[in-house]
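Hello,

Here is the structure I said I would pass on. My notes follow below it.

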Amino acid sequence: MTKADFSIVVDPQQSLVRITLAGFFEADEIARFTQARNTAHRQLLSAPNQHVTLVDIRDMQIQAQDSVAAFQRVLADPASQSRRIAFVVARSLARLQAQRAAADRGAAYFADVAEAERWLLDESAAAA
């Protein structure tokens with residue numbers, strides 16, 4: 001299994017958080033990611049929960065059920081929820097796991113990063 005890896009880039013001017021997740025995550029790596037994400041959110045200039053998030057999981061492996069449940073808890077935390085969230089996915093099973101983890105978030109799913117970013121930043125689209 002490929003070791004977990006992630007990157008988080010914040011664009012404060014657009015209130016956009018770009019997250020890339022790759023590999024296989026276990027509990028300690030999910031905790032490390034969550035802490036890094038929380039730190040990154042402090043760079044935002046927008047009001048709480050008014051940012052948008054793009055999550056690229058094209059290089060993420062199929063996760064264990066306990067990891068999916070842990071990501072579900074991370075996504076459900078009202079303190080860090082974004083106004084809109086878009087996932088860029090490649091494999092169908094990974095997409096199903098992302099949909100399960102983000103079930104209560106009204107997330108959108110894309111195969112292309114640029115398309116996902118356009119959707120996130122389109123103020124005329126209905127909020128998810």
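The notes cover the sheet, one residue in it, and the helices.

Please keep in mind that this is a predicted model.

The sheet is open and mixed, with five strands in the order β1-β2-β3-β4-β5. Its edges are β1 (5-11) and β5 (108-110); each has a single partner strand, so one side of each has no neighbour in the sheet. From one strand to the next, the twist averages 20 degrees. Strand β4 (residues 84-88) runs parallel to β5, and three bridges join the two. Val88 has Phe110 in β5 as its bridge partner.

Helix α1 (residues 27-41) packs on this sheet, where it touches β1 and β2 (16-23). The direction of α1 makes about 10 degrees with that of β1.

Within the sheet I looked at Asp56, which lies in strand β3 (residues 52-60). Its relative accessibility is 10%, and the cut-off for buried is under 20%, so Asp56 counts as buried. Leaving aside residues up to four places away in sequence, Asp56 touches Ile19, Thr20, Leu21, Val88 and Val113.

Helix α2 (residues 65-76) has 12 residues and reaches 16 Å from its first C-alpha to its last, close to the 16 Å expected. Its buried residues are Ser67, Val68, Ala70, Phe71, Val74 and Leu75. Viewed down the axis of α2, these fall within an arc of 160 degrees, so they line one face of the helix. An α-helix has 3.6 residues a turn, so residues three or four places apart point the same way. Asp66 and Arg73, on the other side of α2, are exposed.

Regards

Notes. Residues are numbered from 1 along each chain as its sequence is written. This is a predicted model: local features need pLDDT of at least 70, side-chain atom pairs count only at pLDDT 80 or more; totals for chains, interfaces and linings use all residues. Side-chain values use heavy atoms; hydrogens and water are left out. Two strands pair if DSSP finds at least two bridges between them. Helices (H or I, at least four residues) and strands (E, at least two) are DSSP runs, numbered from the N terminus. Axes are lines fitted to C-alpha atoms, for helices over the stretch in contact, and angles run from 0 to 180 degrees between N-to-C directions. Contact means heavy atoms within 4.5 Å. Buried means under 20% relative accessible area, exposed over 50%, partly exposed in between (1.4 Å probe, protein chains only). The expected span of a helix is 1.5 Å times one less than its number of residues. The arc is that of the directions from the helix axis to the C-beta atoms.
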